[in-house]
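Let's work through a few exercises together. Have a look at the chain first, then try each task before you read its solution.

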Amino acid sequence: HPESALHIVAIGLLWAAWELWSVRAKGWFRACAAGAGAGALALLLCAIFLLPVIEAIPQTMENLFRSAIYTKAHRSLPPEEALQRLRLNVLPFEYGDPGDSVRAASEPEYPHFDNGYAGTVVLALAILGLWRSPQREKWVLLAVLGVGVLIGNDFPPFADWLAKLPLFDVAINSRMLFAQTFALAALAALGVERLRDVVDRRRFAAVCACLAAIVGAIVLLRWDPMIASELTAEFLARHTAFLLLPLIAALLCARLVRGERALLASIVLVLIVQRTAEHGGFYPTIDAAAFYPKIEVLAGLPADGEPYRITAAGNVLWPNFATIYGLEDVRGYQAMTFNRMRQTYGFWCVPQPVWSNRIDDLGRPFLDALNVRHALASPDYHPPAWWHKVKEQPGVQLLENDRVLGRAFVPARIRLEEDDGRTLKEISEATDFRQRGWVRMRGHHGEEIPNGAGHVATIRGGLGRLAMTATMDAPGWIIISETAWKGWKAYIDQKRTPLYFGDHALLALYVPAGKHAILLSYLPRSFVLGRAITFATIAGLLVFGVARWRWKRYGVSDSTSHSR
């Protein structure tokens, strides 16, 4: 995820600053040069990922929204709310537990499971590591912990300060909460190292006892408010035990277990038991067939021939599940949404925030242009007249659209228009996309022309490829219902030809008269360039490694024998 990459690199830079500070008295220039070289090498290795993301982001609705609105938003929470979020890092069940499907009546707006809690045993080990470890790295880990606490919990004014920096101004920086958990885990590792010392074992037992007392006091202070928010005493007692009993068990292990390996094994076992008890039911282990069972009506769908899309009315088929069945759902959701496609949502679906879209009306004409051939619906759903039932099983029916347009189709008339606003208005009023298509063309203002008649047959040509055979009675435009991200290339009879925006968010192609073989390929230039840079860097590293190994193995001995 690009946002996560930004935050991870930011923490890496914090660590790099510490490393440079630690060598400030000697070797500073060499360390800076080595660090800069390593950073450049990392960028080259990641080019296959970075360049396509950099190219895609400006095309997205998310970038437009965040640049226009999110950059101006106030990021910090009021101090009392930030402290409330911080308390969840010690008392994660204060507003219920998603694993138990328990919710408090006074649940806050933000997800209460977004916290950096890592288990009280980890916290005890982290305190020991920070207290007793001689490793200087504990101080930079403390700084990372501070970043996770202050930024991850949106403490004022730190969240607003960070949001003034480039890139961070459009990022959801509360996700830097991960830094808190990372730092706790690393400090806990330093704490584990101190368990080899007999005196520090006693100190660890004291830490466990003090932490249990503090956590117990917090639970008692919050008990009545949690009961008032309709959490049951049984629920609270069980989850309090998950906090306190592992600390007591770790204390007993530190005092009673003698062998070093036996002690470490017992502490790890206590941690595993605690985390399993707390979150073992959050994502229960269930056979995949329970989530993606065989759906009998899907057996009636054609498996080959021209590509087509499916959808569902309401919430019959959950978003993106169609992929599991090898089907292409028009509602498919990704974290980055092509902005021009987002502008068409009102024509064919009910947009959902940060989620896949919902389709309630299968009669929307734009669904025909989007190549939606089949739909699943509940048995009581009454489709439009041009949708007919293909199959039915208990709880669901499979419908087919008699008006569906192919993945590529030839409208009867074409409207050439450079004004996107006017195009969107006209598309919103269209009832039959067979009769009219829209092509974005600079210098044209609503010029409507007859389109050359023709027929297009389409097949899959492989990953990111569409192969078509077009038979045109006269030169004309073809609309292809593929989202028009940058990176699509078109070839007519093996000759490159330009692509245009068709029906605002799709592809359009002008084809001469006659029969032609057309190939569409999605291969962004940024990916091709990034792939070349990454593979060249890997090859260079391999060559350098082999040459260095050969020089060390043979070069020194050869020079030694020559001198003799």
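Four exercises follow, each with a worked solution.

Before you start: this is a predicted model, where local features need pLDDT of at least 70, side-chain atom pairs count only at pLDDT 80 or more, and totals for chains, interfaces and linings use all residues. Residues are numbered from 1 along each chain as its sequence is written, and side-chain values use heavy atoms, with hydrogens and water left out.

**Exercise 1. The largest core**

Find which residues of the largest nonpolar core touch the most other members, and which helix gives the most to this core.

Step 1: Get the terms straight. A nonpolar core is a set of buried Ala, Val, Leu, Ile, Met, Phe, Trp, Tyr and Cys residues joined through side-chain atoms within 4.5 Å. Buried means under 20% relative accessible area, exposed over 50%, and partly exposed in between (1.4 Å probe, protein chains only).

Step 2: Look through the 56 residues of this core, and Phe-204, Leu-243 and Ile-267 come out as the ones touching the most other members.

Step 3: Now the helices. These are DSSP runs of H or I with at least four residues, while strands are E runs of at least two, and both are numbered from the N terminus. Helices that each supply at least two residues include helix 1 (2-22), helix 10 (198-228) and helix 11 (233-256). Helix 10 gives the most, with nine residues.

Step 4: Don't stop there, as a second, separate core has 54 residues, among them Tyr-345, Cys-349, Trp-477 and Leu-506.

**Exercise 2. The two sides of helix 12**

Work out which residues of helix 12 are buried and which are exposed.

Step 1: Helix 12 has 20 residues and reaches 29 Å from its first C-alpha to its last, close to the 28 Å expected at 1.5 Å a residue (the expected span is 1.5 Å times one less than the number of residues).

Step 2: Leu-263, Ser-266, Ile-267, Val-270, Gln-274 and Glu-278 are buried in helix 12. They cover an arc of only 100 degrees around the axis, so they lie on the same side of helix 12; the arc is taken from the directions from the helix axis to the C-beta atoms.

Step 3: Flip to the other side of helix 12, where Arg-261 and Leu-269 are exposed.

Step 4: The buried residues pack against strand 1 (96-97), helix 6, helix 10 and helix 11, with contact meaning heavy atoms within 4.5 Å.

**Exercise 3. The four-stranded sheet**

Find the order of the strands in the open sheet, and how they pair.

Step 1: The order is 3-4-6-5, with mixed pairing. Two strands pair if DSSP finds at least two bridges between them.

Step 2: Strand 3 (309-312) and strand 5 (387-393) are at the edges with a single partner strand each, so one side of each has no neighbour in the sheet.

Step 3: Strand 3 and strand 4 are parallel over four bridges, and Arg-309 stands opposite Val-372.

Step 4: Strand 4 (372-377) and strand 6 (396-401) run antiparallel, joined by four bridges. There, His-374 partners Glu-400, and Ala-377 partners Gln-397.

**Exercise 4. One threonine**

Is Thr-423 buried or exposed?

Step 1: Thr-423 sits in helix 17 (residues 420-429).

Step 2: Its relative accessibility is 6%, so Thr-423 counts as buried.
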